[in-house]
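User: I have a model to go through with you, and I'd like to take it piece by piece. Could you start with the terms we'll need?

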Number of protein chains: 2
Amino acid sequence: MARPRFLKLPPHQQQAILQAALEEFAAHGFHDASLNRVIEAAGISKGSMYYYFDGKEDLYAYVAQTEFAGLFEQVGPPPDFDAGDAETFWSALEDYYRQLLQALAASPQLAAMLRGWSAAAKNPAFQEVQGELEQASVPWIEQALAAGQRVGAIRDDLPASLLITVALGMGEAMDLWLMSQPVDPESLPAHVHGLIDMMRGAFAPRRPVH
Amino acid sequence: MARPRFLKLPPHQQQAILQAALEEFAAHGFHDASLNRVIEAAGISKGSMYYYFDGKEDLYAYVAQTEFAGLFEQVGPPPDFDAGDAETFWSALEDYYRQLLQALAASPQLAAMLRGWSAAAKNPAFQEVQGELEQASVPWIEQALAAGQRVGAIRDDLPASLLITVALGMGEAMDLWLMSQPVDPESLPAHVHGLIDMMRGAFAPRRPVH
DNA sequence: AACGAATTAGACCACCAGTCTAGACCGGTG
DNA sequence: CACCGGTCTAGACTGGTGGTCTAATTCGTT
């Protein structure tokens with residue numbers, strides 16, 4: 001995950017490398033991105049690149065993590081889901097998710113990278129690297145889930161890991177679907193509401209049927 | 001999609017190529033699979049391979065399609081979702097989904113390939129090839145959805161394309177989660193029931209809240 | 001100034017997907 | 001039989017890839 005040496009570089013040089021890598025990865029995804037092109041665009045030599053990063057995966061992971069952190073910095077930390085009842089839980093979640101999507105829509109490169117992440121993450125060779133990034137995202141999901149269960153907004157009759165996996169899958173699907181739609185900032189809140197409504201249906205405690 | 005010439009080969013030679021390709025793709029996914037290895041394992045020359053297939057994508061698509069067809073042949077066609085009420089719709093869906101998963105569990109290579117498909121399918125360069133396979137899978141989902149709406153099992157206040165995308169995402173997530181679990185055929189029905197229950201929550205018509 | 005560590009340059013390696021040409025094979029025809 | 005044209009095969013070759021390695025350079029410290 002980026003040799004410490006890298007951080008000692010003058011910021012503008014770090015920036016040049018990061019920017020080149022971001023553009024390449026955003027444009028081509030992980031697999032089809034060319035490290036040689038990044039090297040050329042950044043104006044450094046191959047030796048330097050491998051001096052600062054362990055390899056392509058390492059660079060990708062670092063760029064993704066950096067951009068990811070930038071996103072959360074921009075949007076701010078997740079709200080405190082513990083305060084209130086089930087109803088406020090779901091509306092807080094909806095608000096926060098909408099903010100994330102809005103921020104994502106505003107920086108297409110970041111969006112393209114994060115989108116590629118989920119595909120790349122399925123490659124087993126990737127998963128050790130992935131762990132580091134996932135540990136930045138999954139915990140707040142775990143906490144939100146636990147909070148949701150405490151306030152009675154989320155069912156507890158299924159394993160938490162299953163709920164998380166399915167929630168991520170739904171989120172990814174939503175993202176995919178939004179991409180395929182004509183861009184229309186006006187309608188985003190409605191779409192987000194639709195998705196959260198589906199999540200609510202899936203994850204809310206079962207009401208007894210009679 | 002496999003030059004017609006390929007079909008004129010003696011079956012055992014077709015089989016050798018297909019088997020080699022299946023093993024390679026199942027083991028390494030599309031991107032990291034090596035066509036050279038397939039060629040070597042199949043005992044043919046590069047010239048022959050490119051004589052029978054347009055390239056790596058073409059081979060992959062053909063193998064995936066073939067295996068996919070085999071799966072549906074094994075499980076049988078989807079039931080008629082139109083007969084009955086919402087309750088029977090959901091239980092028929094659960095049955096069918098469980099059968100698919102059981103068949104998939106019995107042939108790990110096929111499972112590995114289809115798993116890789118969803119990742120590969122996101123690559124834009126792949127989507128023209130993908131169309132052909134997707135036309136075999138999405139229509140029955142569309143029909144099931146339409147049938148579900150007719151019998152009142154599925155909401156119609158959201159775009160069908162969104163429902164389909166989210167359903168696929170949930171299914172994929174379920175699959176991912178199952179893979180991470182210790183293999184236990186006994187508990188599969190319960191897991192499937194859990195997933196279908198979540199889908200039902202997400203896709204059932206909203207009950208008026210009061 | 002001199003030494004050793006940090007850094008850079010880029011040649012080199014094995015491998016990749018895909019192209020291309022030379023020839024082997026084979027059925028039909030004169 | 002000889003020849004011919006299409007079908008098929010072999011594998012050298014191309015331009016690219018990610019990654020390694022060594023020699024040279026720069027730089028901080030004594």
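Analyst: A polar contact here is a pair of N or O atoms within 3.5 Å. Please keep in mind throughout that this is a predicted model.

User: OK, then how far is the side chain of A:N36 from a phosphate oxygen of DNA strand D?

Analyst: An N or O atom in the side chain of A:N36 is 3.2 Å from a phosphate oxygen of DNA strand D, which means that the pair falls within the 3.5 Å limit for a polar contact.

User: Which residues are closest to that strand?

Analyst: Of the 15 residues that surround DNA strand D, the closest are A:S34, A:K46, A:Y50, B:Y51 and B:Y52. Among the atoms of DNA strand D that come within 4 Å of the protein, 61% belong to sugar and phosphate. Two of those closest residues also have a polar side-chain atom beside a phosphate oxygen of the strand, at 2.8 Å for A:S34 and at 2.7 Å for B:Y51.

User: And which helix gives the largest share of the surface near DNA strand D?

Analyst: Helix 4 of chain B does, with five residues. Helix 3 (35–42) and helix 4 (46–52) of chain A, like helix 4 (46–52) of chain B, each supply at least two residues of that surface. By class, the surface near DNA strand D has six polar, five nonpolar and four charged residues.

User: Switching topic: is B:E24 buried or exposed?

Analyst: B:E24 counts as buried because its relative accessibility is 9%, and the cut-off for buried is under 20%. The residue sits in helix 2 (residues 11–32) of chain B, and its side chain is joined to that of B:R37 by a polar contact of 2.7 Å.

User: What about helix 7 of chain B, which residues are buried there?

Analyst: The buried ones are B:L110, B:A111, B:M113, B:L114, B:W117, B:S118 and B:A120. Helix 7 of chain B covers residues 108–120, and its 13 residues reach 18 Å from the first C-alpha to the last, close to the 18 Å expected.

User: Last one: how much space lies in the second largest pocket?

Analyst: About 870 Å³ lies in the second largest pocket. It is lined by 26 residues, and those closest to its centre are A:G201, A:R207, B:G201, B:R206 and B:R207. Helix 6 (86–106) and helix 10 (188–203) of chain A, together with helix 6 (86–106) and helix 10 (188–203) of chain B, each supply at least two residues of the lining, which divides into twelve nonpolar, four polar and ten charged residues.

Note on methods. Residues are numbered from 1 along each chain as its sequence is written. Chains are lettered from A and ligands numbered from 1 in the order in which they are written. This is a predicted model: local features need pLDDT of at least 70, side-chain atom pairs count only at pLDDT 80 or more; totals for chains, interfaces and linings use all residues. Side-chain values use heavy atoms; hydrogens and water are left out. A residue is near a molecule or strand if one of its heavy atoms lies within 4 Å of it. A polar contact is a pair of N or O atoms within 3.5 Å; within protein, one must be able to donate a hydrogen and the other to accept it, and residues adjacent in sequence count only if both atoms are side-chain atoms. Helices (H or I, at least four residues) and strands (E, at least two) are DSSP runs, numbered from the N terminus. Ala, Val, Leu, Ile, Met, Phe, Trp, Tyr, Cys and Pro count as nonpolar, Asp, Glu, Lys and Arg as charged, and the others, Gly among them, as polar. The expected span of a helix is 1.5 Å times one less than its number of residues. Buried means under 20% relative accessible area, exposed over 50%, partly exposed in between (1.4 Å probe, protein chains only). On a 1 Å grid over the protein atoms alone, a cavity is a set of points where a 1.4 Å probe fits but cannot get out, and a pocket is an open set with protein on both sides within 12 Å along at least five of seven lines; lining residues have an atom within 4 Å of a point. Grid points are joined across faces, edges and corners, and a volume is the space filled by probe spheres set on the points.
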